[in-house]
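Trainee: I would like to go through this model piece by piece, with the reasoning behind each value. Can we start once it is on the screen?

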Amino acid sequence: MASSNDDAVAGTTDGAWYRTVGGNMNGEPEAAERCPVEEVALVVPETDDTSLPVLTFRAWFLGLTSCIILIFFNTFFSYRTQPLTISAILMQIAALPAGKFMAAVLPKKSYTLFGWGFSLNPGPFNMKEHVIITVMANCGVSYGGGDAYSIGAITVMKTYYKQSLNFLCALLIVLTTQILGYGWAGMLRRYLVDPVEMWWPSNLAQVSLFRALHEKEPKTNGMTRMQFFLVFLAASFAYYTFPGYLFPILTFFSWVCWAWPHSITAQQIGSGYHGLGVGAFTLDWAGISAYHGSPLVTPWFSILNVGIGFIMFIYIIVPLCYWKFNTFDAQKFPIFSNQLFNSGGQKYDTTKILTSQFDLNIPAYNSYGKLYLSPLFALSIGSGFARFTATLTHVALFHGSDIWKQSKSAMKNVKLDIHAKLMRSYKQVPQWWFLVLLIGSVALSLLMCFVWKEDVQLPWWGMILAFALAFIVTLPIGIIQATTNQQPGYDIIAQFIIGYILPGKPIANLLFKIYGRISTIHALSFLSDLKLGHYMKIPPRSMYMAQLVGTLVSGTVNLAVAWWMLGNIENICDVEALHPESPWTCPKYRVTFDASVIWGLIGPGRLFGNGGLYRNLVWLFLIGAVLPVPIWLLSKIFPEKKWIPLINIPVISYGFAGMPPATPTNIASWLITGTIFNYFVFKYRKGWWQKYNYVLSAALDAGTAFMGVLLFFALQNEGINLKWWGTQPDHCPLASCPTAPGIMVKGCPVFK
């Protein structure tokens, strides 16, 4: 029987919390073995107890229960007017008392089933069980594989395009995209999990939280990590009532608009919601961490790169394009918006250019007019073109030789740190286990293209092209994320490619994006969890089973809930047919539908091809490919300048990624917060940073998430909302106004 986790940690100091395996005679790792990444060396334990049970009855029960609860609620609320996402950290915290309760009440008797002996209660609830539960819970949230993007495509097919989709076809779409991502993850382990340099910064917050919840710390001055976590969890929980309900203006404090209430230009510059956010700030943790994740877990050099790109884009490029050169007729539209517009500055009504079969009505399109984007949105799309090619070039130049060596040596001759050496105590997962999943999902996806040809629209060669795209980009994007905590997206690139090849096929466009892009998101999420298991010394075969079962369960429940809702809630997602107060308006999936119209029906050829207004943005593909080259050359000419390789063009371009819906104020506040903690505190108060930084990040996330869920169910879901000055967005009504002469928009002055 495994020893108690409490016994294993009793009397230890920080960094020695398991019974020691590896290291020298005193239980300390040899200096040469220590992880060279300082943040990892400061936070991740360098010892292990191989006797701790992992895949216990408790772990399976709590892990699958957490997964099912999360995926059920996240799917259910994704269709509402105010969609809600419940994060895995809630279940991660709830699992601790539940696990300890089960350890206290379950019988310790051993049972035998099919020759396999097991116990319902193999001893005290331990940290490794807790990690496995969290990994399964991660399958029930949107980023980790649950609430799959494929559900958005299925919803659009059934509710907007009125297709009579077969349930088996829908199930194949959901499961194959997720299993495909798991297959990619397994094939890329040797490049993105095993190497010391691939350290996945976001996992350090998880490691710190597990240590705070399970470790017994010696008596010292100041709070223990557990005490610190509970204090800031309570403070974050209580504080979020202000930006989350009582005083939402704290999310975007746009004082510039108050100083110049009648100036369009001032409000365009100062609005936190609809402008450049100069001078605006947020006092809402949800606003700070909404788009780039927690700034407390992002390394300083990555924050600096993002900051350079942000300043260049928001404070130099966009103002010049808007006020100086009026690029793309920019002054006809709001400076910052993700809406689509016609030539008169009005919102583009996509229903006017669709036939009754939801095909593009070309005469109606020619009559209604071209589609226009806000200037910041158009430039943000262009930056995505540059980011895509820059990522490929950067990784080829800076990491290509390492990738080649690892491919040739199969990691046999690569230097291992203490964590990799400790993991050698466990049986590894054979590569063919992942290969079977990869080949199986590819085969089923191709079969779907033949059996349900009319429904999916995507021919077999289009599916193979999607696989090729995912194969090409998953490794370079994974390297960027594993070293910088930033994930360069290429959603628009995937839709751009297939939109050119198959114009007028909106469903094919959606499915190509799922298989060519979303499978990469799933793969990177699985890889991040594999690295977490690496840090926490979870047996690889246990991780394989937990991730695979969690993925299959979450995907099946995800589709079952969505399918039931689509079949039983009358007129769901049909805003025109629904009762005015109905909550089932599906704004999240309306965005997916609009994207299918832009990229699938209208197509990129009309926007970026010959004669297209945005054709010059295509040059950014070439510019992005070239930009990393001079930096690489300088790093070779001046090898003693260690800061040169830290200049990362893909991450610099990430300074203006995701805008909109992300706002400049979101990113600026993220940059300031990250700089405070990961530069100043890390440099001048390293002891505090080592002990509390990642615990603080987890506490802020958890407190905000708990209160967000409570406010939703107790008040917002019941329609109990406040109306006063502090609940209005940012008091910048003129920020969305155009400034071109003759453009008439409701609520805006008309320039002559």
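Trainee: Which word fits Thr 159, buried or exposed?
Mentor: This is a predicted model, in which local features need pLDDT of at least 70 and side-chain atom pairs count only at pLDDT 80 or more, while totals for chains, interfaces and linings use all residues. Residues are numbered from 1 along each chain as its sequence is written, and side-chain values use heavy atoms, with hydrogens and water left out. Buried means under 20% relative accessible area, exposed over 50% and partly exposed in between, with a 1.4 Å probe and protein chains only. The relative accessibility of Thr 159 is 12%, so Thr 159 counts as buried.

Trainee: Which backbone oxygen does the side chain of Thr 159 reach?
Mentor: Thr 159 lies in helix α6, residues 149–160; helices are DSSP runs of H or I with at least four residues, numbered from the N terminus. A polar contact is a pair of N or O atoms within 3.5 Å; within protein, one must be able to donate a hydrogen and the other to accept it, and residues adjacent in sequence count only if both atoms are side-chain atoms. At 2.6 Å, the side chain of Thr 159 reaches the backbone oxygen of Thr 155.

Trainee: Which residues touch Thr 159, leaving aside neighbours within four places in sequence?
Mentor: Contact means heavy atoms within 4.5 Å. With those neighbours left aside, Thr 159 is in contact with Leu 566, Ile 572 and Cys 573.

Trainee: With which residue does Thr 298 share a side-chain polar contact of 3.0 Å?
Mentor: Thr 298 sits in the loop between α14 (285–289) and α15 (300–324), and it counts as buried because its relative accessibility is 1%. Its side chain reaches the backbone oxygen of Ser 294 at 3.3 Å. Beyond four places in sequence, Thr 298 touches several residues, among them Ile 303, Trp 670 and Asn 678. The side-chain partner at 3.0 Å is Asn 485.

Trainee: How do α15 and α30 run, roughly parallel or antiparallel?
Mentor: Two packed helices are described by the angle between their axes and the distance between the axes. Axes are lines fitted to C-alpha atoms, for helices over the stretch in contact, and angles run from 0 to 180 degrees between N-to-C directions; under 35 degrees counts as roughly parallel, over 145 as roughly antiparallel, 65 to 115 as roughly perpendicular and the rest as oblique. The axes of α15 and helix α30 (residues 664–684) come within 10 Å and cross at roughly 150°. That makes α15, relative to α30, roughly antiparallel.

Trainee: How many charged residues are in the contact of α15 with α30?
Mentor: Residues including Trp 300, Ile 303 and Phe 310 in α15 meet residues including Trp 670, Leu 671 and Asn 678 in α30. Ala, Val, Leu, Ile, Met, Phe, Trp, Tyr, Cys and Pro count as nonpolar, Asp, Glu, Lys and Arg as charged, and the others, Gly among them, as polar. By class, the contact of α15 with α30 has 11 nonpolar and four polar residues, and the number of charged residues is no more than none: no charged residues.

Trainee: What is the handedness of the crossing of α21 and α23?
Mentor: The axes of helix α21 (residues 460–484) and helix α23 (residues 506–536) come within 8 Å and cross at roughly 30°. That makes α21 roughly parallel to α23. A crossing is left-handed if the near helix is turned anticlockwise from the far one by less than a right angle, and right-handed if clockwise. The crossing of α21 and α23 is right-handed.

Trainee: Which residue offers its backbone nitrogen to a contact with the side chain of Tyr 368?
Mentor: Tyr 368 lies in helix α16 (residues 362–368). Not counting residues up to four places away in sequence, it touches Asn 342, Lys 347, Tyr 348, Asp 349, Lys 352 and Ile 353. The backbone nitrogen that lies 3.1 Å from a polar atom of the Tyr 368 side chain belongs to Asp 349.

Trainee: What is the phi of Lys 537?
Mentor: Most residues other than glycine have a negative phi. Lys 537, in the loop between α23 and α24 (540–568), counts as buried because its relative accessibility is 0%. Although Lys 537 is not a glycine, its phi is positive, at about 60°.

Definitions and conventions
Helix = DSSP H or I, 4+ residues; strand = E, 2+ residues; numbered from the N terminus.
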